[in-house]
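Here is a short tour for a reader new to this protein. Start with the helices, then follow the rings, the loops and one strand.

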Amino acid sequence: MPILHADRADTSYRHAGSGPALLLLHAGASSGVQWERALAALAPRWSVAAPDLYGHGHTPCPADMSPETLLERQVTVLLALLGRLGDGPARVVGHSYGAVLALCLAAAAPERVRDLVLVEPVAFGLLDPGDPALAPVAAVEAACRELVLAGELAAATRRFLDFWSDPELWDFLPEADRLAIVGGARERHFIGGPAVFGATFTGIDLTRVTCPIRLVTGDEGPAAPRAVAERLGALLPQAERITVPGAGHMLPLTHHRAFLRLVESLA
């Protein structure tokens, strides 16, 4: 059973197992609990940590956080967490928003990252603003911000989840999970969203990312992550593009076994 910890910066994380370090970074509107099954499966061979990122799960978003500071401050926390897992470089797995942070981490501290598995990455700043794949994403974000400003946090959350995951997911979520996700709506759409769209990853940033990379997407779901993966594949010659047939944006959960194989088989 994974153990829930909290460090001195009030960052909560789950940890299980021993061995080489492996860091799991969850999607937006989620938390480290997303990785419960993966933690149990990977713990026999890895020292696995799954943090609650700022504004998610049990980790609050500081009152002075802004879109301009979010990614850098989160990377600082993740580096401290890697220090607790051991001295060697880690395999870093990021899903959606977590994939953006994984890429930031590898650019900021390449010596701490052994390799990357980026699943359905949403580094939208890499795309041309006129890319047609971005239009539906931008429309959803605009709608969610309007709902948040109107005080309709639950409606904003449902609109977000309907777009990025199964439209019926909301009806099956336990009440506690709904409340936790709804509670992060303002931070998600006024800090996290702008931070993701604003992360441009200059050529200099990406030249620092020299480790092996797997870019994993489904062939269903919103097109924008596939466009991001294609762009990253062109910019990072060492990256391997992998498509999981029949999978959408929530690939690590809906195609759990295929996801684990891709994580563990990376040389």
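## Helices that pack

Helices α2 and α8 are roughly perpendicular to each other, because their angle falls in the class from 65 to 115 degrees (under 35 degrees counts as roughly parallel, over 145 as roughly antiparallel, and the rest as oblique). The contact between them is made by Pro67, Leu70 and Leu71 of α2 and by Phe190, Ile191, Gly192, Pro194 and Ala195 of α8. Contact means heavy atoms within 4.5 Å.

The model is predicted: local features need pLDDT of at least 70, side-chain atom pairs count only at pLDDT 80 or more, and totals for chains, interfaces and linings use all residues. Residues are numbered from 1 along each chain as its sequence is written, and side-chain values use heavy atoms, with hydrogens and water left out.

Helices (H or I, at least four residues) and strands (E, at least two) are DSSP runs, numbered from the N terminus. Two packed helices are described by the angle between their axes and the distance between the axes. Axes are lines fitted to C-alpha atoms, for helices over the stretch in contact, and angles run from 0 to 180 degrees between N-to-C directions.

| Helix pair | Angle | Axis distance |
|---|---|---|
| α2 (residues 67-85) and α8 | about 75 degrees | 8 Å |
| α4 and α5 (residues 153-164) | about 165 degrees | 7 Å |

The second angle makes α4 roughly antiparallel to α5. Their crossing is left-handed. A crossing has that name if the near helix is turned anticlockwise from the far one by less than a right angle, and is right-handed if clockwise. On the α4 side, the contact is made by Pro136, Val137, Val140, Glu141, Ala143, Cys144, Leu147 and Val148. Helix α5 brings Leu153, Ala155, Ala156, Arg159, Phe160, Phe163 and Trp164.

## Aromatic rings

How many aromatic pairs does a search of the whole structure find? There are four. Rings of Phe, Tyr and Trp (its six-membered ring) pair if their centres lie within 6.5 Å; planes under 30 degrees apart count as stacked, over 60 as edge-to-face and the rest as tilted.

One pair joins Phe124 and Phe197: the ring centres are 5.1 Å apart and the planes are at 45 degrees, so this pair is tilted. Phe124 sits in the loop between β6 (113-119) and α4 (134-149), and Phe197 in helix α8 (residues 185-198), so the pair ties together parts that are 73 residues apart in sequence. Phe124 is buried, at 4% relative accessible area. Phe197 is partly exposed, at 30%. Buried means under 20% relative accessible area, exposed over 50%, and partly exposed in between (1.4 Å probe, protein chains only).

Phe163 and Trp164 form an edge-to-face pair, with 4.9 Å from centre to centre and 90 degrees between the planes. Trp164 is buried, with a relative accessible area of 10%. Phe124, Phe163, Trp164 and Phe197 form one aromatic cluster.

A charge also meets a ring. Arg188 lies over the face of Phe160, at 5.3 Å from the ring centre. Such a charge counts if NZ of Lys or CZ of Arg is within 6 Å of the ring centre and within 35 degrees of the ring normal.

## Loops

Which residues other than glycine have a positive phi? Ser96 has one of about 60 degrees, and Glu120 one near 50 degrees. Ser96 lies in the loop between β5 (90-95) and α3 (97-108). Ser96 is buried, at 7% relative accessible area. Glu120 is in the loop between β6 and α4. Glu120 is buried too, at 0% relative accessibility.

Pro129 lies in the loop between β6 and α4. Pro129 counts as exposed, at 77% relative accessibility. From Pro129 to Ala109 the separation is 20 residues in sequence and 28 Å in space, C-alpha to C-alpha.

Gly17 lies in the loop between β2 (12-16) and β3 (21-25). Gly17 is partly exposed, at 35% relative accessible area. Gly17 and Ala43 are 26 residues apart in sequence and 4.0 Å apart in space, C-alpha to C-alpha. Leaving aside neighbours within four places in sequence, Gly17 is in contact with Ala43, Trp46 and Ser47.

## A strand residue

Is Leu24 of strand β3 buried or exposed? Leu24 counts as buried, at 0% relative accessibility. Not counting residues up to four places away in sequence, Leu24 touches Trp35, Ala38, Leu42, Val48, Ala49, Ala50, Pro51 and Val93. Leu24 and Thr200 are 176 residues apart in sequence and 23 Å apart in space, C-alpha to C-alpha.
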